[in-house]
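Hi everyone, thanks for coming. Please have a look at the sequence and the structure on the screen, and then I'll walk you through a few places in them.

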Amino acid sequence: MNPTKRRTVIAGNWKMNFTPAEAEAFIAEVTPLVAGKDNCDVVFCAPYVTIAAAMKAAEGTNIKIGAENVHFAPKGAYTGEVSAEMLKAIGVEYVIVGHSERRQYFAETDETVNLRTKAALEAGMKVILCLGEVKEERLSGITDEVVAMQTKLDLAGISAEQLKNVIIAYEPVWAIGTGLTATPDQAEETCGVIRSVLAKLYGEDVAETVTIQYGGSMNDANAAELLSKPNVDGGLIGGASLVAKKFAAIVDAAQ
């Protein structure tokens with residue numbers, strides 16, 4: 001982390017977990033554990049049906065509630081989708097875009113990720129933009145090329161001013177839900193590659209202000225070492241975000 005240049009963000013991605021009642025109970029449990037931890041932003045991205053309950057439970061706390069995805073169209077015949085304006089209307093501040101599970105299971109492409117990112121930014125939300133390589137790409141030695149191309153395509157047409165509301169989450173796909181984790185040096189190296197691409201696109205001064213999270217099985221046991229790296233500015237947390245004490249330990253590591 002480099003808190004003198006950019007904000008640290010610890011965000012939980014609940015995925016398809018928690019009913020509204022379960023979310024309320026979880027927020028009540030985690031709130032005192034993260035209260036007063038002001039050296040980082042604390043965010044939970046919830047399933048659509050749980051957002052309202054989570055937001056109500058988080059009122060008056062340092063916890064922000066986000067969504068896990070957003071559609072790129074403002075309205076229309078897109079059964080099952082939710083627009084940026086709909087999310088903004090209920091007070092959603094953050095949204096995850098381009099998570100590897102969306103890319104893998106629901107045919108998301110860099111083009112649609114770019115469109116969703118633009119829609120969320122235009123609605124005034126903060127985007128957690130996910131990118132990263134699969135196992136075969138890591139083993140083939142092309143990680144740098146893959147994440148560089150994703151960064152360029154996913155941010156196409158997005159201005160330096162809009163970039164102020166973009167958080168990039170580097171998530172090696174081979175480390176999500178597998179228990180595997182990139183080593184701190186691997187995470188630092190690839191986050192550094194992403195920052196170097198941002199520098200080429202927007203200039204070094206702008207690149208130094210962008211928060212880049214690590215998002216591949218960060219947990220209470222490995223967070224401190226990962227967050228000690230200068231280019232790792234937080235975490236997008238999966239499984240550990242469902243356990244209050246584990247998530248709070250990650251927030252503590254970010255202090």
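Let's start at W14. Is this tryptophan buried or exposed? With a relative accessibility of 0%, W14 counts as buried. Please keep in mind throughout that we are looking at a predicted model.

Now, who is next to W14? Searching the whole structure turns up eight aromatic pairs. In one of these pairs, the ring centres of W14 and F26 are 5.7 Å apart and the planes meet at 85°, so we call the pair edge-to-face. W14 belongs to the loop between strand 1 (8–13) and helix 1 (20–34), while F26 is part of helix 1, so this pair ties together parts that lie 12 residues apart in sequence. F26 is buried as well, since its relative accessible area is 4% and the cut-off for buried is under 20%.

Another edge-to-face pair is made by F72 and Y78, where the centres are 6.5 Å apart and the angle between the planes is 65°. Here the surroundings are more open to view: F72 is partly exposed, at 31% relative accessible area, and Y78 is also partly exposed, at 40%.

Which residues do ring pairs link into a cluster? They are W14, F18, F26, F44 and F247, so do find our opening tryptophan again in that group. There is also a ring with a charge over it: K126 sits over the face of Y94, 5.6 Å from the ring centre.

Let's step back to the whole chain. How many helices and strands does the chain have? There are 12 helices and eight strands. The radius of gyration comes out at 17 Å, close to the 18 Å that the globule rule gives for 255 residues, so the chain is as compact as a globular protein of that length. If you want a feel for the dimensions, the C-alpha atoms fill a box of roughly 45 × 45 × 35 Å along the principal axes.

What share of the 255 residues is buried? Buried residues make up 51% of them. On the outside, the chain exposes about 11100 Å², and 54% of that is supplied by carbon and sulfur atoms. As for how the chain meets itself, take the contacts between residues at least 6 apart in sequence: 74% of these join residues at least 24 apart.

Next, the cysteines. A disulfide is a covalent bond between the sulfur atoms of two cysteines. How many disulfides does the structure hold? The count is zero. For C40, the closest cysteine sulfur is that of C45, 14 Å away, which is too far for a bond. C130 is in no disulfide either, and its nearest cysteine sulfur, again in C45, is 8.9 Å away. Both of these cysteines are out of sight: C40 is buried at 4% relative accessible area, and C130 is buried at 0%.

One last stop, the backbone. Most residues other than glycine have a negative phi. Where is A107, which has a positive phi near 60°? Look in the loop between helix 4 (100–105) and helix 5 (110–122). A107 is exposed, with a relative accessible area of 60%. S217 has a positive phi near 60° too, and you can find S217 in the loop between strand 7 (212–214) and helix 11 (223–227).

That's my tour, and thanks for listening!

Notes
Residues are numbered from 1 along each chain as its sequence is written. This is a predicted model: local features need pLDDT of at least 70, side-chain atom pairs count only at pLDDT 80 or more; totals for chains, interfaces and linings use all residues. Side-chain values use heavy atoms; hydrogens and water are left out. Rings of Phe, Tyr and Trp (its six-membered ring) pair if their centres lie within 6.5 Å; planes under 30 degrees apart count as stacked, over 60 as edge-to-face and the rest as tilted. Helices (H or I, at least four residues) and strands (E, at least two) are DSSP runs, numbered from the N terminus. Buried means under 20% relative accessible area, exposed over 50%, partly exposed in between (1.4 Å probe, protein chains only). A charge sits over a ring if NZ of Lys or CZ of Arg is within 6 Å of the ring centre and within 35 degrees of the ring normal. The radius of gyration is taken over C-alpha atoms; the globule rule is 2.2 Å times the number of residues to the power 0.38. Contact means heavy atoms within 4.5 Å. Accessible areas come from the Shrake-Rupley method with a 1.4 Å probe; for residues, only the protein chains shown count as cover. A disulfide is a pair of cysteine sulfur atoms within 2.5 Å.
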